[in-house]
Amino acid sequence: MVIAIIISIYLSLDKKILLNAGKRFVYAAFSTSQARNLILTLKECNQIFSRYLSGKAIDSLIIGILCFILMTLLKLPLAVLISLIVGVTNMIPYFGPFIGAVPGAFLIAIISPYGAVKFGVMVFLLQQFDGYILGPKILGNSTGVRPIAILLAIIVGGAYFGAVGMFLGVPVFAVVQYLVGKWMDGKLIEKEIDLE
């Protein structure tokens with residue numbers, strides 16, 4: 001854990017140096033037009049990934065804060081801990097809120113079974129608010145991925161890479177979708193085919 005923090009600090013400090021080194025390598029290894037196209041494509045992939053992750057982080061932070069406020073108003077125990085769990089697991093689309101609600105409900109049920117029922121109803125309503133109002137406002141069309149593809153990305157990512165795969169499945173799928181679309185558009189232009 002400490003090594004990961006040190007590496008992330010080092011990378012953030014030397015980000016400009018690393019980007020310049022990467023650009024130099026790309027321009028040295030490819031023709032000028034290929035290098036420009038590759039760098040433009042990598043920038044777009046970075047923007048897709050960054051928009052999704054930052055939007056989802058803001059959404060999850062708001063849900064965690066709302067969970068804490070609602071738990072405090074309902075006088076439920078362990079509000080800080082459970083709100084943190086709900087906020088963090090909310091980063092996983094669709095399934096995350098329910099993954100976070102299970103340990104929260106279990107912990108509350110130990111103290112107060114009636115409190116666990118109140119918590120369950122509260123989380124359900126909170127997630128409806130997130131899914132229909134807050135999430136679309138914050139994320140919008142940040143990835144351009146259809147809902148069925150999001151579910152597929154989460155399931156495949158989770159099956160192969162666990163919780164990290166569920167979390168990163170959607171932005172990785174969005175980047176792959178962008179790259180395949182860009183490749184197909186290039187091939188259609190090359191063949192002078194206009195399908196619109």
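Mentor: Helices and strands here are DSSP runs, with at least four residues for a helix and at least two for a strand. The model is predicted.

Trainee: How many helices and strands does the chain have?

Mentor: There are seven helices and zero strands. In sequence order the pattern reads α-α-α-α-α-α-α.

Trainee: What share of the contacts with a separation of 6 or more joins residues 24 or more positions apart?

Mentor: Such pairs make up 65% of those contacts in the chain.

Trainee: Is valine 86 buried or exposed?

Mentor: Buried means under 20% relative accessible area. Valine 86 has 0% relative accessibility, so this residue counts as buried. Of the chain's 196 residues, 30% are in that class.

Trainee: Where is valine 86, and which residues is valine 86 in contact with beyond four places in sequence?

Mentor: Valine 86 sits in helix H4, residues 79–89. Outside that sequence window, its contacts are Ile63, Cys67, Gly100, Phe119 and Gln127. As for backbone distance, the C-alpha atom of valine 86 is 7.9 Å from that of glycine 104, 18 residues apart along the chain.

Trainee: Why does valine 80 count as exposed?

Mentor: The cut-off for exposed is over 50%. Valine 80 is exposed because its relative accessible area is 60%. Valine 80 also lies in helix H4.

Trainee: Which residues form the nonpolar patch on the surface?

Mentor: Val80 belongs to it, together with Leu61, Ile65, Phe68, Ile69, Leu70 and Leu73. Their accessible area together is about 660 Å². Helix H3, residues 32–73, gives the largest share, six residues. For the chain, the exposed area is about 13000 Å², with 73% supplied by carbon and sulfur atoms.

Technical notes:
Residues numbered from 1 in each chain as written. Predicted model: local features only at pLDDT ≥ 70, side-chain atom pairs only at ≥ 80, totals over all residues. Heavy atoms only, no water. Buried < 20%, exposed > 50% of the residue type's maximum accessible area, 1.4 Å probe, protein only. Contact = heavy atoms within 4.5 Å. Areas by Shrake-Rupley, 256 points an atom, 1.4 Å probe, with all protein chains shown as cover. Patch = residues over 30% accessible without salt bridge, like charges linked within 9 Å, V, L, I, M, F, W, Y side chains within 5 Å. Salt bridge = Lys/Arg side-chain N within 4 Å of Asp/Glu carboxyl O.
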